[in-house]
Amino acid sequence: MISNYFTLMHSARLLDGRLRTARILEVYTQEKRRLSIVCQRGTSITTIILSCVPAENALIVTDGNTRARHNAADLFPEFVGAEVSRIACDGLDRILSLEFADGREVRCEFFGVRANILAYAADHSMIDCFLHKEALLEEHPAATLRLQWHALTPLLHPSEAQRITGTRDAFTQTFQHSGKATALAALKASIPKLGAELAEELLWRCRIDPEASAAHVAASENLQRLYDSSLQSVSDLLDYTTAPESRIYWDDARAVCFSLSRLESKSAYREELVRDLFEGVRRFVSASKARASFGAQKETLQSWLEHELARTERTLERMQQDQTRHDRAADYERFGMLLMANLGRIDKGMETIRLEDFSDPAVRHQIALDPSLSAVQNAERYFQKSKHAKSAALEARQRRSWLETHADALRPLLKECQAAQTRDAMKSLIAAHGPLLKQLGYMTDTEREQLPPFRIFTVEGGFQVLAGKSSDNNDLLTTKYARPNDLWFHARGSSGSHVVLKVASASGEPTKKAIHQAASIAAYYSKMKNASAVPVAMTEKKFVHKPKGVPAGTVTLDREKVIFVEPKLPDTGQLI
């Protein structure tokens with residue numbers, strides 16, 4: 001109800017008494033869709049925050065200037081120093097107006113997703129706006145913009161409540177012609193300014209089920225009682241002789257709703273009475289933002305944990321399916337030894353041969369041969385296949401062990417995140433497991449936004465490796481982001497990404513494996529990606545130079561070491 005018509009009307013009346021004759025010190029924005037206007041009257045400074053957030057159209061008033069040191073942009077500079085002559089609300093709509101002594105005006109239209117703040121000159125022509133400025137000020141002719149302004153309707157008195165509720169006949173007809181709509185939907189359609197909370201409350205007081213058929217309610221005596229109750233409630237809310245008391249209803253730490261009157265329908269929740277209207281709005285908005293922040297944080301972390309665990313388990317499953325290929329090392333070695341023991345029986349051009357096993361003559365092995373190779377060369381081919389299979393099996397075991405450890409760390413974190421129901425629970429989770437989450441590769445949106453604009457990997461030891469995405473991006477990486485002692489890699493004799501291992505990104509010195517992983521990344525992002533082994537040039541960045549006038553991505557090396565690696569990415573995967 002913070003964006004309710006009645007809340008805005010009472011807020012405007014109180015603010016007018018507080019800030020009439022005040023002067024504008026500054027106007028700025030430091031949060032998306034929120035404009036802050038800082039006013040000073042005497043020695044008192046007040047900040048008006050106009051929220052155009054669709055789900056949070058609100059007038060928020062705070063003492064002092066709440067401007068942050070960073071990430072704030074000045075707006076509406078022509079109004080700095082202007083004297084406030086009146087702060088008013090339209091009598092029939094959610095429009096707040098700040099009028100100035102020189103005839104200018106700033107209006108905030110709290111129209112949900114269409115909310116905006118418009119600035120008008122003394123002749124009522126629009127001179128500035130907060131949102132959609134290009135569309136309003138550049139695409140529309142001045143005559144159209146002047147039509148945006150209209151005189152505010154004077155505030156209504158309690159005796160004029162029917163201007164909001166409509167007549168009894170109109171109220172009845174709305175319910176009668178609502179078809180299959182619910183009683184709640186029909187009431188909100190009949191009196192839009194009530195809002196959801198107050199409409200539910202009126203139905204509660206009249207003992208009407210909000211989900212009941214509107215047509216059914218129209219045929220009962222409850223309809224007239226509902227109209228009378230609505231008329232009286234609106235009349236009470238239009239009474240400006242006393243300061244309204246705001247109430248916040250809480251479900252544990254969650255702010256359920258805000259209201260200017262007691263809500264019997266919320267009796268199951270804890271009621272907090274806040275006598276100052278502005279303080280009540282501030283408290284409710286703060287609680288809602290905290291809840292939204294908690295929800296977004298939980299959703300982001302839980303989604304990442306679920307995705308990372310699913311990806312890890314899929315990889316483990318694929319590795320299990322590939323296990324037979326890695327276990328062929330013993331067979332390949334046996335085939336090579338059998339061929340060497342039977343050289344005299346093998347002629348060049350043969351495609352297969354059946355040979356008895358050493359340990360059991362009853363077992364015969366059908367061995368495929370390359371007809372273009374000699375017997376010795378075929379045997380050597382099987383010995384090489386055995387060597388590669390052993391190496392692949394060892395690497396697979398190491399990778400499987402890493403993935404199993406990774407999955408074992410993710411599962412309890414995901415379970416704890418799913419169980420977290422409060423902001424404090426999430427804060428405790430992050431505080432307790434922050435280092436582990438970082439080690440696993442999790443980053444907040446802010447951390448991700450601050451990452452450099454390259455492909456980013458983590459290799460053994462936790463060292464960060466950056467890979468360029470284009471020729472211009474390669475130049476940026478090598479000339480701006482790489483430090484003199486960082487290790488620099490590039491596939492030799494082929495175009496591809498510049499790759500930099502940041503030696504200061506982890507403790508200690510990069511291991512041989514970490515260096516080979518970085519070189520493999522350079523091979524992977526080159527035109528030799530499909531080769532079994534790629535020569536990669538490695539040197540320290542201080543030995544890499546970019547001559548003047550050469551094309552983007554072109555550099556010269558003073559010295560280099562060439563290592564041969566398989567093109568592939570590290571097991572930890574790509575961060576971005």
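Me: Between which two strands does the loop that contains Phe-76 lie?
Reply: This is a predicted model, in which local features need pLDDT of at least 70, side-chain atom pairs count only at pLDDT 80 or more, and totals for chains, interfaces and linings use all residues. Residues are numbered from 1 along each chain as its sequence is written, and side-chain values use heavy atoms, with hydrogens and water left out. Helices (H or I, at least four residues) and strands (E, at least two) are DSSP runs numbered from the N terminus. On this basis, the loop of Phe-76 lies between β5 (73-74) and β6 (84-89).

Me: Is Phe-76 buried or exposed?
Reply: The backbone of Phe-76 has a positive phi, near 45°, although the residue is not glycine. A residue is buried under 20% relative accessible area, exposed over 50% and partly exposed in between, with a 1.4 Å probe and protein chains only. Because its relative accessibility is 3%, Phe-76 counts as buried.

Me: Is Arg-207 buried or exposed?
Reply: Arg-207 also is a residue other than glycine with a positive phi, near 55°. It lies in the loop between α7 (195-205) and α8 (214-218). Because its relative accessibility is 63%, Arg-207 counts as exposed.

Me: Which strands stand at the edges of the open sheet?
Reply: Two strands pair if DSSP finds at least two bridges between them. Five strands form the open sheet, with antiparallel pairing, in the order β4-β3-β2-β1-β5. Each edge strand has a single partner, so one side of it is left without a neighbour in the sheet; these strands are β4 (56-63) and β5.

Me: Which residue of β5 is the bridge partner of Thr-29?
Reply: Strand β1 (residues 23-31) pairs with β5 in the antiparallel sense over two bridges. The partner of Thr-29 in β5 is Ala-73.

Me: Which residue of β4 stands opposite Thr-46?
Reply: A hairpin of two residues joins β3 to β4. These strands pair in the antiparallel sense over eight bridges. Opposite Thr-46, in β4, stands Asp-63.

Me: How many of the eight residues of β4 are buried?
Reply: Helix α1 (residues 5-19) lies across β2 (34-41), β3 (44-53) and β4, at about 25° to β4. Helix α10 (residues 277-321) packs on the sheet, touching β1, β2 and β4, and its direction makes about 120° with that of β4. Contact means heavy atoms within 4.5 Å, while axes are lines fitted to C-alpha atoms, for helices over the stretch in contact, with angles from 0 to 180 degrees between N-to-C directions. Strand β4 is largely enclosed by the rest of the structure because its buried residues number seven.

Me: How much space lies in the largest cavity?
Reply: On a 1 Å grid over the protein atoms alone, a cavity is a set of points where a 1.4 Å probe fits but cannot get out, and lining residues have an atom within 4 Å of a point. Points are joined across faces, edges and corners, and a volume is the space filled by probe spheres set on them. The count comes to two cavities of 30 Å³ or more. The space in the largest cavity is about 40 Å³.

Me: Which strands each supply at least two residues of the lining of the largest cavity?
Reply: The residues that line this cavity include Phe-76, Phe-79, Leu-98 and Phe-100. The strands in question are β1 and β7 (95-100).

Me: Which strand gives the most to the lining of the second largest cavity?
Reply: About 30 Å³ of space lies in this cavity, and its lining includes Asn-57, Ala-58 and Leu-59. With three residues, the strand that gives the most is β4.

Terms used:
1 Å grid on protein atoms, 1.4 Å probe; cavity = no way out; pocket = protein on both sides within 12 Å on 5 of 7 lines; lining within 4 Å.
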